[in-house]
Each structure stands twice: as C-alpha cells, then as structure tokens.
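User: I have a model open on my screen and would like to talk through some of its packing. Could you take my questions one at a time?

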Number of protein chains: 2
Amino acid sequence: MNIGIIGAGNVGGGLGKIWVKKGHKVIFSFSRNQEKLMALAGAAENSGTGSPAEAVQQSEVLLLSVPWGKVPEALKAAGSLQGKVLIDCTNPLTPDFSELAIGHDTSAAEEIAKMAPGAKVVKAFNSAFAEVYNSESRLFGSRRPTMFFCGDDAEAKKIVSELIMETGFEPTDAGPLKNARYIEPLAMLMIQLGYGQGMGTNIALNLIHR
Amino acid sequence: MNIGIIGAGNVGGGLGKIWVKKGHKVIFSFSRNQEKLMALAGAAENSGTGSPAEAVQQSEVLLLSVPWGKVPEALKAAGSLQGKVLIDCTNPLTPDFSELAIGHDTSAAEEIAKMAPGAKVVKAFNSAFAEVYNSESRLFGSRRPTMFFCGDDAEAKKIVSELIMETGFEPTDAGPLKNARYIEPLAMLMIQLGYGQGMGTNIALNLIHR
C-alpha cells in the first residue's frame with residue numbers, strides 16, 4: 001500500500017518505520033524539521049518525504065498523527081481527502097496533557113470527519129504508547145496487545161484492521177466512528193496510568209475471552 | 001469486613017455472593033423483590049437482608065450497584081454515609097443502554113460523591129460484566145482480569161484494592177476519583193463490544209506490562 005504520514009513525531013514516525021519494514025511505500029510529511037523527515041525516510045527505496053498534499057496525492061491511506069491543536073493546520077495543508085482512508089490516531093488532549101479537551105457528545109474522530117469531507121475516517125492507533133511503536137516488537141511476552149478501532153466505512157475498516165494486525169496488534173472492531181467517544185478516554189486512562197500513576201509507557205491493554 | 005450491598009441485581013448479587021464465600025458479613029438491600037434478597041442471602045450465617053439504612057448501619061463498606069436512574073432514590077434510602085467506604089460500580093447509562101448520560105466534565109462517581117457527603121467514594125467493579133461476577137471463577141485461563149479503580153481517599157482505596165484482589169481481579173490504581181471520567185467510558189466500550197459487536201459478555205481487559 002501507499003501510506004502517507006501526516007505528522008512525523010514519535011507516533012507517526014514509529015508507525016511509518018514499521019510500515020516501511022513491512023514493504024509499504026511510505027511518505028513522511030508535516031514536520032517543522034525537514035531533516036527529521038529525511039532521517040525517518042532513511043535510505044529505504046520504499047520511503048520518502050513530501051508535503052502533506054504530496055503525501056495525499058501519492059497514497060490511498062493516510063495517517064493523521066499530529067497534536068490535537070495542529071489538526072486544522074495539518075488538514076488544510078493536506079487538501080482534499082475525498083475517497084481516502086484517513087486513520088485518525090489523535091487524542092484531543094488539552095495543551096498540558098492533563099485532560100481531554102472534548103468528549104462525551106463528540107470526539108476527535110468525529111470532528112476530524114467533519115473537517116475532512118469525503119474521507120473514510122477510521123479511529124485507530126491512539127491507545128498505545130509511542131514507545132511501543134518505536135521498539136523492536138509489539139509483543140508483550142507472547143501476547144499481542146489489543147488495538148481497538150472504529151469507523152463507519154466497512155471497506156476502510158477492513159484495510160485498517162489488516163494494517164493493525166501487520167503492525168503487531170490484535171485488531172478489535174469497536175463499532176461506528178461515534179464510539180471514538182469511548183476509545184479516546186481509554187487513551188487518556190493509559191496516559192494517567194503511564195505518567196500520573198508512574199507505571200511508565202511500556203504498558204498496553206489486552207482484551208481477553210473465555 | 002461488614003459489607004452492605006445497595007442494589008441486589010446481577011452485579012451487586014454476584015459480587016455479594018463472592019464476598020459471602022470469602023467470609024465477609026454481607027447485608028443485601030434495595031431490591032423491589034424481598035424474596036430475591038432472601039434467596040441471595042441464602043442460609044449462610046454471614047449474610048442477611050435489610051433496608052439500605054440497616055445495611056449502612058451494619059457495614060463499614062457499601063457497594064452501590066443500582067441503575068443510574070435509581071441512584072438518588074437508593075442514596076436517600078441509605079441515609080448518611082459519613083465516614084463509610086462507598087464503592088461506586090454504577091455506569092451512567094441512558095435508559096436504553098445505548099450511550100452515557102453524562103461524561104467528559106463529570107462522571108457518575110463524582111456526582112455520587114456530591115450526593116453522599118462524607119462518604120469515601122471509590123470507583124470500582126464497573127468495567128467487568130455481571131456474567132464474570134456470577135461465574136465460578138474470575139480467571140480467564142490462567143489470567144486475572146484487570147480491575148481499574150480510582151478515588152481520593154488513600155485508606156479507602158487500599159481497602160477496595162484488597163477486595164478487588166480477593167474477588168479475583170488484578171487491582172490497578174487509576175488515580176483520583178475524577179479519573180472515573182475515563183473508567184466509565186471504558187465500561188461503555190465493553191458494553192459496545194459485548195452487545196453491539198456481538199462478542200458476548202465473557203470478555204474482560206488485562207493490562208499488560210513488559
């Protein structure tokens with residue numbers, strides 16, 4: 001697949017590098033620092049850098065991985081996302097990371113869907129720590145962490161589910177995009193555990209069945 | 001310990017029966033059906049039934065396990081909870097169970113703390129299915145599910161943490177009571193998975209570390 005990364009920080013950079021290794025063609029975009037983009041793209045033939053608009057033009061799947069406050073600017077730079085799969089891995093944190101800025105009757109995912117008309121938005125990759133994306137493996141012992149995703153377009157969800165699996169997580173369909181209202185607070189719970197409770201960022205969730 | 005159950009449905013009934021087996025003295029209260037209360041108390045010497053006010057008088061620890069809409073009536077019937085540990089396992093579901101009625105800038109736990117002045121409120125036991133409480137064991141294979149809890153009183157949290165452990169879950173301190181804003185949506189996510197996504201109610205969450 002051709003995957004464009006909009007926002008090449010710890011999350012977008014970490015996921016993009018995994019996807020390059022898996023053989024996808026990845027375009028890194030939207031960093032204040034061009035050198036950082038070049039470093040991420042590295043010498044791999046199947047990766048490169050560009051503007052957000054170039055990333056969109058060259059990709060069927062886009063990852064939006066910018067801080068919540070940068071979302072309008074990033075989407076403006078991206079241009080039309082009509083027909084594209086847009087993976088939203090943002091969390092609508094307040095600037096001091098202490099709370100969610102929005103929730104309950106909306107979510108970052110739903111707001112992004114409004115800002116990107118025609119995009120097939122899927123919420124995913126928002127509830128694991130960047131450290132897990134940037135390490136050698138996603139495995140915790142022999143266990144794959146669960147990655148919840150949600151969205152309203154069945155075909156887009158199928159693509160994202162496969163990408164989640166390939167990334168080393170167990171994909172779990174959490175229903176319509178509206179259910180981002182429950183997946184975004186889950187990320188905030190993880191942040192509270194990792195930082196507030198001092199558990200660190202090498203933690204993850206596993207949905208268990210019997 | 002002396003534990004009063006306020007709301008003897010599938011959740012309160014299931015947990016109360018576990019605690020009776022563990023040797024705690026359990027008073028079941030607040031059911032429309034006196035026969036149901038009697039059946040729950042069974043013939044065990046260390047369990048009984050009473051009014052919510054009697055349950056409060058005879059117990060240091062109370063479990064509030066009523067539907068969200070019944071909370072004001074249940075707390076009114078309970079009377080003063082000054083100095084008591086009040087375990088809130090409610091979720092503020094809308095009457096059709098499709099959404100949370102409140103959230104983001106408050107939570108059921110915080111509202112209950114306002115309604116029960118002087119009570120040491122701890123949010124817990126809200127994110128597992130009643131089926132898990134009513135089955136022979138909490139184990140999923142060899143794994144104990146995680147139970148997140150939060151509250152503002154350290155001593156009350158210690159008591160509840162031990163009770164969670166004894167109940168067969170792995171207790172995980174999720175910080176101040178305010179963080180119920182993240183634990184209540186987590187319960188809604190589980191409900192969406194269990195019912196909306198058809199995964200059933202024999203599922204649970206496990207926080208994993210590496």
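User: Is A:W19 buried or exposed?

Analyst: Happy to help, and do keep in mind that this is a predicted model. The cut-off for burial is under 20% relative accessible area. A:W19 has a relative accessibility of 0%, so by that cut-off A:W19 is buried.

User: How many aromatic pairs are there over all chains, and what is the geometry of the one between A:W19 and A:F125?

Analyst: Over all chains the count comes to ten aromatic pairs. For A:W19 and A:F125, the ring centres are 5.5 Å apart and the planes meet at 65 degrees. Planes over 60 degrees apart fall in one class, so this pair is edge-to-face.

User: How many residues apart are A:W19 and A:F125 in the chain, and where does each one sit?

Analyst: A:W19 belongs to helix α1 (residues 10–21) of chain A, while A:F125 is in the loop between β6 (120–123) and α6 (130–133) of chain A. A:F125 is buried too, with a relative accessible area of 1%. The pair links distant parts of the chain, with a separation of 106 residues.

User: Turning to chain B, what kind of pair do B:Y133 and B:F169 form?

Analyst: Their ring centres are 5.8 Å apart, with 75 degrees between the planes. B:Y133 is in helix α6 (residues 130–133) of chain B and B:F169 in the loop between α7 (154–167) and β8 (170–173) of chain B, 36 residues apart. Both are buried, B:Y133 with a relative accessible area of 1% and B:F169 with 0%. The pair is edge-to-face.

User: Which residues of chain A do ring pairs link into a cluster with A:W19?

Analyst: We have already met one member, A:F125, as the ring partner of A:W19. Ring pairs tie A:W19 into a cluster, and the other members are A:F125, A:Y133 and A:F169.

User: Which ring does A:R210 lie over, and which one does B:R210 lie over?

Analyst: Each arginine reaches a ring of the other chain. B:R210 lies over the face of A:F140, at 4.6 Å from the ring centre. A:R210, at 4.5 Å from the ring centre, lies over the face of B:F140.

User: Which element gives the most to the lining of the largest cavity?

Analyst: The structure holds three cavities of 30 Å³ or more, and the largest has about 60 Å³ of space. Its lining includes B:F169, along with B:M147, B:L186 and B:L205. At least two lining residues come from each of β7 (146–151), α8 and β9 (203–209) of chain B. With three residues, the element that gives the most is β7(B).

User: How many residues of that lining are nonpolar, polar and charged?

Analyst: Among the lining residues are B:S127 and B:T146, as well as B:A128, B:P145 and B:F148. Serine and threonine count as polar here, whereas alanine, proline and phenylalanine count as nonpolar. The full division is nine nonpolar, two polar and no charged.

User: How many residues of α8(B) are buried?

Analyst: Helix α8 (residues 180–196) of chain B reaches 23 Å from its first C-alpha to its last, close to the 24 Å expected. Just after α8(B), B:G198 takes a positive phi of about 70 degrees. The helix is largely enclosed by the rest of the structure, because the buried residues number 15 of the 17.

How values were computed
Residues are numbered from 1 along each chain as its sequence is written. Chains are lettered from A and ligands numbered from 1 in the order in which they are written. This is a predicted model: local features need pLDDT of at least 70, side-chain atom pairs count only at pLDDT 80 or more; totals for chains, interfaces and linings use all residues. Side-chain values use heavy atoms; hydrogens and water are left out. Helices (H or I, at least four residues) and strands (E, at least two) are DSSP runs, numbered from the N terminus. The expected span of a helix is 1.5 Å times one less than its number of residues. Buried means under 20% relative accessible area, exposed over 50%, partly exposed in between (1.4 Å probe, protein chains only). Rings of Phe, Tyr and Trp (its six-membered ring) pair if their centres lie within 6.5 Å; planes under 30 degrees apart count as stacked, over 60 as edge-to-face and the rest as tilted. A charge sits over a ring if NZ of Lys or CZ of Arg is within 6 Å of the ring centre and within 35 degrees of the ring normal. On a 1 Å grid over the protein atoms alone, a cavity is a set of points where a 1.4 Å probe fits but cannot get out, and a pocket is an open set with protein on both sides within 12 Å along at least five of seven lines; lining residues have an atom within 4 Å of a point. Grid points are joined across faces, edges and corners, and a volume is the space filled by probe spheres set on the points.
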